[in-house]
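Visitor: I should be grateful for a close look at one chain of this model. Please describe how its parts meet and how its strands are arranged, in one connected account.

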Amino acid sequence: MSGPTELELAAQVVELVRRLGGPATQAEAVVTRADLALTRFANSAIHQNVAESTVGVRLRLHVDGRTAAGSGSVVTADGLGALVERTLAAARLCPPDPGWPGLAPPTPAPAAPPVDEATAHAEPDQRADLVRAFVAAAGHLNTAGYCRTAHRSSAFANTAGHSAYGRSVEAAMDGIARRDGADGVARRCADRLSDLDGAELGAQAAAKAQAAADPVELPPGRYEVVFEPAAVADLLQNLSWYGFNGKRYAERQSFAEPGAAQFDPAVTLVDDPLGASGLPFDAEGTGRRALTLVEAGTTRTVAHDRRTAAEAGAESTGHAVAGGATWGPMARNLRLSGAAAGPASAVGRSTTGTAAGAVVDADTAALTAGVRRGLLVTDLWYTRVLDPKSLVVTGLTRNGVWLVEDGTVVRAVRDLRFTESYPRALGPGAVLGLGARPVRQPDRVDGVWWEAPSVRLASWHFTGGASG
Amino acid sequence: MTEFDAATAAVQAALDAGARYADARVMHRRYESMTARNGDIEELTQDESIGLGVRALVGSSWGFHAVPDLSDAAARDAGRRATRTAQASARVPGPPVDLVPVEAVTASWASGCQIDPLGVPLSDKGDLLVGATRTMAEHGADLAEGLYQIWDTAKWFVSSEGHRIDQRIRECGGGISATSIGAGETQRRSWPSYRGQYGTTGWELVESLDLAAHAAQIAEESRALLTAPPCPAGETDLILGGEQLALQIHESVGHAIELDRILGWEAAFAGTSWLDLAQLGSLRYGSELMNITIDPTIPGALGSFGFDDEGSPAVKRDAVRDGRWVGVLAGRDSAAMASLDYGGSVRADGWARLPMVRMTNVGLEPGPHTLEEIIAATDDGVLMDLNRSWSIDDKRLNFQFGCEVGWEIKKGRRGRMLRNPTYTGIGPLFWRSMDMLSGETVPWGTPNCGKGQPGQTGHTGHPAAPARFRNVRVGVSA
């Protein structure tokens, strides 16, 4: 790499603010270089293959009691100067910001996991080889999906004398295999590209697609369910965005009540940003650390940035994001802890006949073995919130649903629409079992992931079948 | 070195490295947004981004590379990398890729703009949002929110076939929302829609929305909704306001007629489509009142442009005519694969994103009625308006939408307000049940259409007016 480092650029921005805005101006700058690449395939061929090498500067400043933020992609002296000048001008024209929480003080950033250099600098040929393995393992089935790598190098500096630097890296693969309109999926997120096994994922997706063929339609109603990790990821995301969001909590739009036993005792939720290769600081420079949001069913806290923390009389938990004044702080690396012992083994009872292949791991096999009549759900899709406070969500199943009877997966079912309150579905007495092994699921954006084992829930409200 | 020079260098480098076709887009986008809450400015952001993206075709495989640097060396390096990425794609090759012909032109185009939105003083824009949100708070809203957004995009397009096109597109819009919080739920009312109305226009659009004049009413309605009766469950006649119908078009028609979805290119993420190309020209999509056009030429609508992002000129086409499916949203490669002779609907969300099939302005042509006539002709039904939630399956068939507000319709008159109105159905069955359509058309703008991996946010337009649908299932709840 040539030219100034991210830390040098961030320091330049802070110095420019001091010079152009005066010593009383408070400012924070984040400079990020990113190399993001995504190899996408459909109809068993790579059809979109993209890469970007970008640099961005985000500046937030507070002057004369007024706040503004801006960003730019030009990191020359002129570009940085223009960014500072226009952000200063914007702040001075803004109405006062009485809720300004001040800057993060100088504090050492926590140690982050090491970055895998091979993943950071992965070539398109490597991603293509993983795709080729996925496609080959699916045999004659039509396949689609992606393999991506992401590397970010980011620095923070503010006028309070705080600075920090970190890198993150991520590899992810997400693919489906298709048979006569029935899809099976396999999805993983890892710190190293070498930890992804395209052949294993392709075989898993193909097995599920084969098992999803010839689905029957079931009537809507309440069913016991076993959710696989991909489906549980959707629960975690919505709980995070709408429930454990400090801004929504302050606005009384969240269900969260710290200290209350709102979930089943089996539920422990921890946001663990450094449990994978993540940046060690948030958008305000606060160190990112593991935060227990729910402990054995009891809600402990919500995520805060400096603004929501000040409003709540708390400390920032390191969850500031760009645009956080509008959207609020987000927990974006949420893990549902697995059961200590895991569910009882039920090898040999999990599937039968045409549904063979629906269950691809021991946790799910054991959980379905306990179901007298219910549904095994692989994935959820297009979930949208009907009411944020009760977190009633509607959405659909996707990539495989099966009927389970007397502990055996007996046949594929057509997709169903549901309308359900997520916290209620995970409430006291509602979780009938957890797998022992959380599986990390990628988000649409690198650096964001959701990790969960399979989960067995007592009741899920399906409000419509595929025919309406 | 001009923007055209950088794009040309990137294209030439891609060709020199072995591409048989290449194109490049330089984009310079300025973005400004402001949000206000309960009488205070919550956030002001001004972003500026400049860069170049180059796309290379090698054999039957595409590669794309983007950089934020317009120097000759960086542009050439991006071109070479795009070709190298395309060569890697050939490890998992697909069928031959052709491009439908498009005349190579040198052209300039700019969207209409009376009042430069970035030129309006921030203090004036702030005062507008502060005033409106203060009024909502004073009239009972627990959360009074307002925002505007502005995009000012200049782009330069060069292709190895000889295109040389520059465009400047200015977009803006805004809106206000009032939320009242009860013991177990929240209720929201917005104007003119949640997160606002948008177009390829200047600040005159925001002025025309007259946010301040509607602040008190929506605040009071959000409070009243907390104690309103719930929308009853069952089948009934459903009247949709124009804003909700725009969303219905977007989700259950616009995405369904995207050719990349139909061809399976989006199967793993956005999904496919229930439509089968073999039925293009013959399939009954909806009632005879249903006439949907793809029209990027509508002045001021959010999905308008002079040329799409692979150099095809803006052209109006039919998607559904008299209820029959007749057209798709396509790009040059997808059209060739489907043996169609037109593209024209490909756009990229900025310089760092690959151009892909996106909606332009996909909307309903006006009908013969008015909303009041539709209400008067309805004996028993529900009127719903302003979208609150939207969900639809990956084939764009099974949908469930929630609205901010409903009104009981009894014997041709609007009655009580209803809370938590939802409706659900299957796309073509729903559209076939449309029996009355208003001519009070508004080109609603949707600035948040997500698609693609990496994710892209598209700006789309949807001309729509109130309409009536028969025997629709309403009142779905947890």
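Guide: The account below concerns chain A, taking the contact between its domains and then one of its sheets. The model is predicted, so local features need pLDDT of at least 70 and side-chain atom pairs count only at pLDDT 80 or more, while totals for chains, interfaces and linings use all residues. Residues are numbered from 1 along each chain as its sequence is written, and chains are lettered from A and ligands numbered from 1 in the order in which they are written.

Chain A is assigned domain 1 (6-207) and domain 2 (214-468), the bounds coming from an automatic or database domain assignment. Taken over C-alpha atoms, the centres of domain 1 of chain A and domain 2 of chain A are separated by 24 Å. Their contact draws 37 residues from domain 1 of chain A and 34 residues from domain 2 of chain A; two residues are in contact if their C-beta atoms, placed from the backbone, lie within 7 Å.

On the side of domain 1 of chain A that touches domain 2 of chain A, the elements giving two or more residues are strands E1 (26-42), E4 (142-158), E5 (163-179) and E6 (182-190), together with helix H5 (198-211), of chain A. Helices (H or I, at least four residues) and strands (E, at least two) are DSSP runs, numbered from the N terminus. E5(A) gives the most to this side, with eight residues. By class, this side of domain 1 of chain A has 19 nonpolar, nine polar and nine charged residues, where Ala, Val, Leu, Ile, Met, Phe, Trp, Tyr, Cys and Pro count as nonpolar, Asp, Glu, Lys and Arg as charged, and the others, Gly among them, as polar.

The sheet comes next. In chain A, six strands form an open sheet with mixed pairing, in the order E10-E9-E8-E11-E18-E17; two strands pair if DSSP finds at least two bridges between them. Its edge strands, each pairing on one side only, are E10 (298-299) and E17 (439-442) of chain A. Strand E11 (residues 333-336) and strand E18 (residues 449-452) of chain A run parallel, joined by three bridges. Here Leu334(A) stands opposite Trp450(A) in E18(A). Helix H6 (residues 229-243) of chain A packs on this sheet and touches E11, E17 and E18 of chain A. The direction of H6 of chain A makes about 120° with that of E18(A); such angles run from 0 to 180 degrees between N-to-C directions, with axes fitted as lines to C-alpha atoms, for helices over the stretch in contact.
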